[in-house]
Amino acid sequence: MAGSRGAGRTAAPSVRPEKRRSEPELEPEPEPEPPLLCTSPLSHSTGSDSGVSDSEESVFSGLEDSGSDSSEDDDEGDEEGEDGALDDEGHSGIKKTTEEQVQASTPCPRTEMASARIGDEYAEDSSDEEDIRNTVGNVPLEWYDDFPHVGYDLDGRRIYKPLRTRDELDQFLDKMDDPDYCGDVMIHPVTNRPADKRSFIPSLVEKEKVSRMVHAIKMGWIQPRRPRDPTPSFYDLWAQEDPNAVLGRHKMHVPAPKLALPGHAESYNPPPEYLLSEEERLAWEQQEPGERKLSFLPRKFPSLRAVPAYGRFIQERFERCLDLYLCPRQRKMRVNVDPEDLIPKLPRPRDLQPFPTCQALVYRGHSDLVRCLSVSPGGQWLVSGSDDGSLRLWEVATARCVRTVPVGGVVKSVAWNPSPAVCLVAAAVEDSVLLLNPALGDRLVAGSTDQLLSAFVPPEEPPLQPARWLEASEEERQVGLRLRICHGKPVTQVTWHGRGDYLAVVLATQGHTQVLIHQLSRRRSQSPFRRSHGQVQRVAFHPARPFLLVASQRSVRLYHLLRQELTKKLMPNCKWVSSLAVHPAGDNVICGSYDSKLVWFDLDLSTKPYRMLRHHKKALRAVAFHPRYPLFASGSDDGSVIVCHGMVYNDLLQNPLLVPVKVLKGHVLTRDLGVLDVIFHPTQPWVFSSGADGTVRLFT
């Protein structure tokens with residue numbers, strides 16, 4: 001083995017010099033990569049290692065070859081440093097050929113590298129590089145381009161290159177810097193679909209457009225563009241001061257106001273009446289400058305040559321400049337509107353007749369204010385209730401009091417049964433509702449009414465009811481009283497249903513028992529509500545549908561009696577509702593309030609007021625519709641009754657026509673109260689009114 005190794009040693013010098021001579025023009029070899037660890041002499045250049053072929057060098061071109069080459073080069077470099085050059089044969093100066101000599105002459109690579117580094121550090125020391133911290137050696141990094149590492153540390157471990165992933169931004173920048181990006185031309189097309197037939201045929205749509213354009217040009221509808229005149233137009237800007245010509249393009253320009261011409265007071269020789277006396281001069285001096293009529297004192301000079309220089313000239317010029325500079329000027333486009341055009345076109349009252357225009361009769365007899373009125377279905381009889389504790393029955397045509405019925409209390413409300421087959425009057429007195437048969441008119445009707453009331457058979461077990469039905473005594477029957485309905489709470493209103501069998505009452509109490517409904521034929525009473533929505537003011541039955549309207553202080557609720565549900569809630573926008581009336585057709589409602597408002601509701605339109613009338617000056621006490629004519633009236637504490645024309649059309653697209661036609665006066669104000677109730681005649685365009693003066697008046 002020693003001989004073979006020696007033979008390898010002797011053959012190595014003959015190969016390496018030839019390899020170096022073949023490349024005489026190359027640059028000096030760079031400093032080789034340092035060895036890894038201390039290895040045996042066999043790991044360095046031997047005969048067998050130097051005889052490796054090119055293919056084997058390419059295979060073993062990794063760390064082992066680089067380490068062996070570097071060791072040999074280090075030896076050669078040392079000898080070159082000593083000798084200064086190669087020998088004549090080109091040998092590298094290796095003289096020891098035996099294994100012992102190699103072992104003796106080859107020290108530990110780590111020790112040798114440490115000494116070499118120290119020597120190189122001090123040899124290359126300079127003021128610009130005080131401390132060299134490169135741990136991989138001063139070698140070109142290009143040597144490690146094909147390797148995953150960049151060198152070795154002091155312990156012989158590889159120093160791997162940092163892993164750097166390229167994000168989308170780096171890829172995008174590389175694409176932008178690459179001139180060949182997106183420059184590839186495709187050989188084959190994306191699609192090879194043959195062209196359509198329509199691409200070879202003229203378009204019919206375009207042909208039609210062209211034909212229309214040709215026709216428009218022939219008819220003169222399309223004019224060719226006129227060539228512009230290249231010569232500019234010149235004009236004298238200051239030739240004239242006509243704002244329409246020179247300043248026509250300035251639409252909002254307003255010329256500065258001109259100074260007022262001087263008057264007689266500014267003359268150097270004014271008339272004597274323009275000169276101020278001593279008292280006027282003292283008063284002028286005590287006034288503020290803004291309160292003075294004249295900004296100067298008039299003076300008189302004998303001649304124009306005696307007039308001195310004006311002392312306030314500069315001040316006035318300065319104020320004039322301030323007025324021109326600070327005063328904003330803007331052209332306001334005034335609209336010339338005739339005030340008559342703003343008033344809606346309403347028909348003349350004479351075209352809306354008939355309606356009551358004057359007072360015809362006065363019914364006198366009550367000693368106190370008359371609170372309520374009611375008319376019989378035929379319009380022949382009138383009943384009135386007063387605070388004097390009596391009911392009076394009047395003949396309408398003659399104003400004669402036919403009968404007086406004492407009831408022993410204040411009559412708050414009275415209502416005549418609307419059925420023509422029944423002669424019955426309901427009156428609210430204190431906590432009871434009295435049912436009276438006045439026995440007026442047809443005797444058969446009066447007799448049938450008594451038979452109807454006496455035909456009732458009480459049940460064996462009377463049901464529990466919120467009211468008690470009591471028969472009248474013999475003395476009460478002599479004055480016409482038939483039944484008494486006791487409630488235990490004061491009754492404020494009573495009203496009949498259109499068929500005459502039901503009546504509703506309003507009690508002055510709190511809770512859900514404020515409204516009660518009584519059935520006359522069965523003598524039953526019931527409370528239709530389970531809870532209260534405020535203090536109830538008025539109630540009214542719908543004339544055609546099973547609806548009940550309940551007016552509280554701020555709202556009017558419409559209930560369906562069969563379904564037992566709330567249908568609508570009307571908001572009159574009033575502080576306190578005082579009265580309520582329903583149109584005979586049932587689609588419109590009017591409300592009066594104590595804040596002098598009359599509100600008209602269209603139930604088919606909205607729950608908000610269609611129209612709000614403020615004709616009265618004081619609180620409204622009563623409102624009413626005429627059952628046949630398009631009229632409605634309102635009574636107020638100002639002592640007047642206002643009659644309005646209210647036409648309701650069958651066409652739902654046409655709104656009601658409301659026109660005030662007449663103001664009726666006649667009642668005398670008593671205790672700040674005026675008209676307390678109004679009601680229309682059932683067949684004639686007449687209206688009845690009752691007032692605090694104790695009278696009932698008929699207007700026809």
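Buried here means under 20% relative accessible area, exposed over 50%, and partly exposed in between, using a 1.4 Å probe and protein chains only. With that in hand, select C574: this cysteine is buried, at a relative accessible area of 6%. C644 is another buried one, at 4% relative accessibility.

Before we go on, a word on the model. It is predicted, so to speak of local features a pLDDT of at least 70 is needed, side-chain atom pairs count only at pLDDT 80 or more, and totals for chains, interfaces and linings use all residues. Residues are numbered from 1 along each chain as its sequence is written, and side-chain values use heavy atoms, leaving out hydrogens and water.

Stay with C574 a moment. Taking a disulfide as a pair of cysteine sulfur atoms within 2.5 Å, the count is zero. For C574, the nearest cysteine sulfur belongs to C591, 7.4 Å away.

Next, colour residues 432-436, strand β10. Strands (E, at least two residues) and helices (H or I, at least four) are DSSP runs numbered from the N terminus. Five of the five residues of β10 are buried, so the strand is largely enclosed by the rest of the structure. S432, L434 and L436 lie on one side, V433 and L435 on the other.

Now add the neighbours of β10. Two strands pair if DSSP finds at least two bridges between them. β9 (residues 425-429) pairs with β10 in the antiparallel sense over five bridges, and A426 has L435 as its bridge partner. Two residues separate these strands in their hairpin, where E430 takes a positive phi near 55 degrees. β12 also pairs with β10, antiparallel and over five bridges; here S432 is matched with C486.

β12 (481-486) leads to the next stop, since it is included in what covers the buried residues of helix α12, contact being heavy atoms within 4.5 Å. Select 443-454 to see α12. A446, T449 and L453 are its buried residues. Seen down the axis, they fall within an arc of 55 degrees (taken from the directions from the helix axis to the C-beta atoms), so they line one face of the helix. Turn to the other side for the exposed R443, L444, Q451 and S454.

Finish at the open sheet, whose four strands run in the order β4-β5-β6-β7 with antiparallel pairing. β4 (370-375) and β7 (400-406) are at the edges with a single partner strand each, so one side of each has no neighbour in the sheet. Inside, β5 (residues 381-386) and β6 (residues 390-395) share five bridges; click V383 and its partner L393.

Terms used:
The expected span of a helix is 1.5 Å times one less than its number of residues.
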